[in-house]
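Please summarise the fold of this protein, its nonpolar interior and its surface for a reader at the bench.

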Amino acid sequence: MKDMLKLINKTKITGPTVKLNGHDVGGKTGTAELINKKGGYYKDRNLTSFISICPINKPKYVVLTLVGYPKQSDAIASTGATVNAPLAKKIMLRMIEILK
């Protein structure tokens, strides 16, 4: 499982976004289209997520972020990598600072 979570470091978006100097971070993103009550799924409404652990070899911190209806942009898709990973990094940095 830890090896799978390490794979984010090799991605083009998530890895660089959550990189913490001096800390190995692992995680998994998620993006889900929300169900339309009239049937099918909304194409413009989703739930994004990112769960991260740090350090990967001996986890001390776990952060889960969920964002419903993230702001849509024409330039960047609203996904777990673009919405939640930066948020998780900010939380992780603050946790490390406080809990040293």
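## Fold and core

The protein has three helices and three strands (DSSP runs, with helices being H or I of at least four residues and strands E of at least two, numbered from the N terminus), and along the sequence these elements follow the pattern α-α-β-β-β-α. This is a predicted model, in which local features need pLDDT of at least 70 and side-chain atom pairs count only at pLDDT 80 or more, while totals for chains, interfaces and linings use all residues. Residues are numbered from 1 along each chain as its sequence is written, and side-chain values use heavy atoms, with hydrogens and water left out.

The largest nonpolar core (buried Ala, Val, Leu, Ile, Met, Phe, Trp, Tyr and Cys residues joined through side-chain atoms within 4.5 Å) has 12 residues, including Ile8, Val18, Phe50 and Ala85. Strand S2 (41–54), strand S3 (61–68) and helix H3 (80–99) each supply at least two residues of this core, and H3 gives the most, with four residues.

Cys54 belongs to this core, and, leaving aside neighbours within four places in sequence, Cys54 is in contact (heavy atoms within 4.5 Å) with residues that include His23, Asp24, Pro59 and Lys60.

Some values for the whole protein follow.

| Property | Value |
|---|---|
| Box filled by the C-alpha atoms, along the principal axes | roughly 50 × 25 × 25 Å |
| Buried share (under 20% relative accessible area, 1.4 Å probe, protein chains only) of the 100 residues | 30% |
| Exposed area (Shrake-Rupley method, 1.4 Å probe) | about 7000 Å² |

Carbon and sulfur atoms supply 58% of the exposed area.

Technical notes. Buried < 20%, exposed > 50% of the residue type's maximum accessible area, 1.4 Å probe, protein only.
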